[in-house]
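Q: Hey, I've got a structure open and don't know where to begin. Can we go through it together?
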Amino acid sequence: MSGERSREDRNFDDLVQHFESKVYGGRKGAIRLAVLRRDLERLLDARPPSAAPLRVLDIGGGLGQLACWLAGRGHRVTYNDLSDSMLLRAREHARNAGLEDRITWHGGPYQSLVQGLVETAGEPFDLVLCHALLEWLAEPEALFPVLNRLVAPGGHLSLCFYNPAGKTMRNLVAGNFLALQRQARADDGSLTPNSAMTLDLVQAHLASAGFGVEARSGLRVFNDYVFERRGGNADDNAVIEMELLHSDREPFWRIGRYLHLLARAEAAGAAR
C-alpha cells in the first residue's frame, strides 16, 4: 500500500481542539461513548471470568477514551492514530488517568499496522476497534482486507462508521430539500464527512473479508432530529437513557447518525 494513499486519508492534526469540544465536549459525545461501551461490555461480559486479557488494537483511537477504558479493565491495548497531535492528546489523557504505561502507543497510517504490529509480534489481535475512520479514508474499501489480517480468527471487530441515511433523514426532518438535491458538501473544517458507505455496502465488504456481523446498534438514533428541546429531552441523562434503550431496536438503529457493528472473524483460512 502506497504512502500516497495514506497522505490522502483525513488527518485531524488541525482539528484536535474542535474535535474535542464538538464531538466529546457535549451530549453527542456522551451518547457515542455510552452506546459503544454498552456494546463492548456485552462482548466482554460474555467471556469466562478466568479468560486471559485481550490483545486490543484501537485504530484511529482519537482522544483515547476507549483505549483508556479497556486498559483500565486490564486488557493489553495498543493505540494508533494518523494524527500526531491526537496521539499526544490521548497520551496526556492516559497519563492523567495513570494509564499511559499500560498502553502501547503507535502513530502512523492504518496501512502500516500489519507490518508494524502483527508481523513483528507474530500474532493478530483479539479485538480491533475501528471507530469513525472509514468515512475519512481516500479508499475506504481498502481497509477491509487489512482488518482481516489484524483480527485473529475467532476475534472481534468493533466497526463504527458514519451513516449516510442519517444525514438524509436529518435534512428531510429539517426541510433542507434543496441541500439534498444539490448534494451540498461540508467544508474542510467540518466533522461531517462528504461521502460515506451505506450499511449494505459495509456489510458486503465485511462478508468478503471473512467477518460475520453479530450485533448492530445506532448512535444518536433520535437526538440529532430534535430541533426543540422540551419535556425529557432537556435532560441529558434522560436522552442518553432513551438512546441506549432504542439504539439496538428495530427500526431505530438503522437511522442512527453513526452505526456500530460487532463482527466476528471467521476461522483461520476462511478469507485470509
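Q: Let's start with a pairing. Which residue is the bridge partner of Val77 in strand 3?
A: That's Ile103. Keep in mind that this is a predicted model.

Q: How many bridges join strand 2 to strand 3, and how do the two run?
A: There are 5 bridges, and strand 2 (residues 76–81) runs parallel to strand 3 (residues 103–107). Together with helix 5 (residues 84–96), these two strands make a right-handed β-α-β unit.

Q: Okay, zooming out. What does the whole sheet look like?
A: It's an open sheet of 7 strands in the order 3-2-1-4-5-7-6, with mixed pairing. Strand 3 and strand 6 (211–219) are the edge strands, each pairing on one side only. On average, neighbouring strands are turned by 15° against each other, ignoring direction.

Q: What about strand 4 and strand 5, how many bridges there?
A: Those two are joined by 6 bridges and run parallel. One pairing to look for is Leu127 with His156 of strand 5.

Q: And which strands does helix 3 touch?
A: Helix 3 packs on the sheet and touches strand 4, strand 5, strand 6 and strand 7 (258–265). Its direction makes about 145° with that of strand 6.

Q: Where does helix 6 lie?
A: Helix 6 lies across strand 1, strand 2, strand 3 and strand 4, running at about 175° to strand 1.

Q: Does it have a helix partner too, I mean, at what angle do helix 6 and helix 7 pack?
A: Helix 6 (residues 113–121) and helix 7 (residues 143–150) pack at about 10°, and their axes are 10 Å apart. Angles under 35 degrees count as roughly parallel, so that's what we call these two helices.

Q: Which residues make that contact?
A: From helix 6 it's Leu113, Val114, Val118 and Glu119, and from helix 7 it's Val146, Arg149 and Leu150. Sorted by type, that's 5 nonpolar, no polar and 2 charged.

Q: New topic: helix 4. Is it mostly covered or uncovered?
A: Mostly covered: 7 of the 8 residues in helix 4 (residues 65–72) are buried. Among them are Leu66, Trp69 and Leu70.

Q: What do the buried ones pack against?
A: Quite a list: helix 3 (27–45), strand 1 (55–59), strand 2, helix 5, strand 3 and strand 4 (125–131).

Q: And what follows helix 4?
A: Gly74, which has a positive phi near 95°.

Q: Last one: how much of the chain is buried?
A: Buried residues make up 48% of the 272 residues. The chain has 11 helices and 7 strands in total.

Methods
Residues are numbered from 1 along each chain as its sequence is written. This is a predicted model: local features need pLDDT of at least 70, side-chain atom pairs count only at pLDDT 80 or more; totals for chains, interfaces and linings use all residues. Side-chain values use heavy atoms; hydrogens and water are left out. Two strands pair if DSSP finds at least two bridges between them. Helices (H or I, at least four residues) and strands (E, at least two) are DSSP runs, numbered from the N terminus. A crossover is right-handed if, with the strands pointing away from the viewer, the path from the first strand over the helix to the second runs clockwise. Buried means under 20% relative accessible area, exposed over 50%, partly exposed in between (1.4 Å probe, protein chains only). Contact means heavy atoms within 4.5 Å. Axes are lines fitted to C-alpha atoms, for helices over the stretch in contact, and angles run from 0 to 180 degrees between N-to-C directions. Angles under 35 degrees count as roughly parallel, over 145 as roughly antiparallel, 65 to 115 as roughly perpendicular and the rest as oblique. Ala, Val, Leu, Ile, Met, Phe, Trp, Tyr, Cys and Pro count as nonpolar, Asp, Glu, Lys and Arg as charged, and the others, Gly among them, as polar.
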